[in-house]
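Work through the exercises below with the sequence and the structure open beside you. Try each task before reading its solution.

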Amino acid sequence: MDYRSVKRGFPDKEPRVLAVINQKGGVGKTTTVVNLSAALGQTGKKVLVVDFDPQGNATSGYGIDKEELEGDVYDVIMNGRPVEDTICPTVEENVFIVPATIDLAGAEIELVQVEKREYQLLNALKPVRNEFDYILIDCPPSLGLLTIDALVASTALLIPIQCEFYALEGLTKLLETMKMVKGTLNPSLEIFGVVMTMYDSRTSLSKEVDQEVRKYFGNKVFKTVIPRNVKLSEAPSHGLPVNRYARVSKGSQAYAKLAREANRRG
């Protein structure tokens with residue numbers, strides 16, 4: 001399906017371009033990108049996922065065969081390929097993806113030599129930006145040039161935080177980076193929301209971390225929490241978002257609830 005044939009769900013609103021970011025690995029970042037985008041698509045919103053992580057896990061999570069790709073996000077930002085030529089459909093009729101391959105790993109070094117390197121992704125997305133209600137950028141787990149590019153291209157941050165010890169470790173550096181980008185490159189950048197992931201209601205640790213994060217970020221934290229759920233872990237190996245793999249699972253229900261809450265904020 002061509003993305004141009006799908007209508008937007010928010011035709012009169014500016015698109016939300018969200019950098020899904022946390023430089024700490026293993027916090028459910030890509031899980032959130034794949035499953036929130038699918039859940040938003042289910043609500044009738046038109047979504048573009050930009051896989052901006054060299055690991056390409058969002059691409060794999062949607063079952064895209066990297067060996068068959070004719071172009072990816074590396075070609076877009078480094079070779080000037082029109083992003084329109086790389087957008088792929090997914091199993092969700094309202095959700096599309098700009099895929100990534102391991103080629104993107106080299107961009108971190110190559111961008112150093114590029115003039116106005118911080119604006120590569122922003123400029124690349126301009127031709128399609130207004131075609132979508134949401135653009136979710138899956139950032140790499142670092143604060144390098146790729147992440148800076150993603151922040152410049154975004155209107156806001158979506159920060160997944162796992163309900164585990166040291167959950168807030170490193171967030172100070174992330175917020176400093178956001179402040180730097182906001183002050184010099186993207187003055188409209190804000191925090192769209194913080195989502196608590198890997199929540200286990202049986203443990204006091206999860207509850208304590210959840211309370212600590214809510215105290216720190218206030219109403220920026222979504223009321224919806226994402227539980228630890230085996231179906232969320234299994235779904236990527238099948239190349240499916242959890243709402244397609246196990247629709248009635250707690251993980252699927254949680255992301256559906258998060259999507260509704262995001263739409264209310266949108």
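**Exercise 1. Find out how strand β5 is placed: is it enclosed, and which strands pair with it?**

Step 1. Strand β5 covers residues 134-138, and five of its five residues are buried, so it is largely enclosed by the rest of the structure. Buried means under 20% relative accessible area, exposed over 50%, and partly exposed in between (1.4 Å probe, protein chains only). Helices (H or I, at least four residues) and strands (E, at least two) are DSSP runs, numbered from the N terminus.

The model is predicted: local features need pLDDT of at least 70, side-chain atom pairs count only at pLDDT 80 or more, and totals for chains, interfaces and linings use all residues. Residues are numbered from 1 along each chain as its sequence is written, and side-chain values use heavy atoms, with hydrogens and water left out.

Step 2. In a regular strand the side chains alternate between the two faces of the sheet. From β5, Y134, L136 and D138 point one way, I135 and I137 point the other way, and all are buried.

Step 3. Two strands pair if DSSP finds at least two bridges between them. Strand β1 (residues 16-20) runs parallel to β5 and is joined to it by five bridges; here V20 has D138 as its bridge partner. Strand β2 (residues 47-51) also pairs with β5 in the parallel sense, over five bridges, and V49 stands opposite L136.

**Exercise 2. Which residue forms a salt bridge with D138, and which parts does the pair tie together?**

Step 1. A salt bridge is a side-chain nitrogen of Lys or Arg within 4 Å of a carboxyl oxygen of Asp or Glu. The partner of D138 is K29, with the closest N and O atoms 2.8 Å apart.

Step 2. D138 lies in strand β5 and K29 in helix α1 (residues 29-42), so the pair ties together parts that are 109 residues apart in sequence. Both D138 and K29 are buried.

**Exercise 3. Describe the salt bridges of E92 and of E234.**

Step 1. E92 pairs with R244, the closest N and O atoms being 3.0 Å apart. This pair links distant parts of the chain: E92 is in the loop between β3 (88-89) and β4 (95-98), R244 is in helix α10 (residues 242-245), and they are 152 residues apart.

Step 2. E92 is buried, with a relative accessible area of 3%, whereas R244 counts as partly exposed at 40% relative accessibility.

Step 3. E234 meets K231 in a salt bridge (3.6 Å, N to O). Both lie in helix α9 (residues 230-234), three residues apart, about one turn of the helix. An α-helix has 3.6 residues a turn, so residues three or four places apart point the same way.

Step 4. E234 is partly exposed at 27% relative accessibility, and K231 is partly exposed at 30%.

**Exercise 4. Is R8 buried or exposed, and which backbone oxygens does its side chain reach?**

Step 1. R8 is in the segment before β1. Its relative accessibility is 18%, so R8 counts as buried.

Step 2. The side chain of R8 reaches the backbone oxygen of F10 at 3.0 Å. A polar atom of the R8 side chain also lies 3.5 Å from the backbone oxygen of N130.

Definitions and conventions
A polar contact is a pair of N or O atoms within 3.5 Å; within protein, one must be able to donate a hydrogen and the other to accept it, and residues adjacent in sequence count only if both atoms are side-chain atoms.
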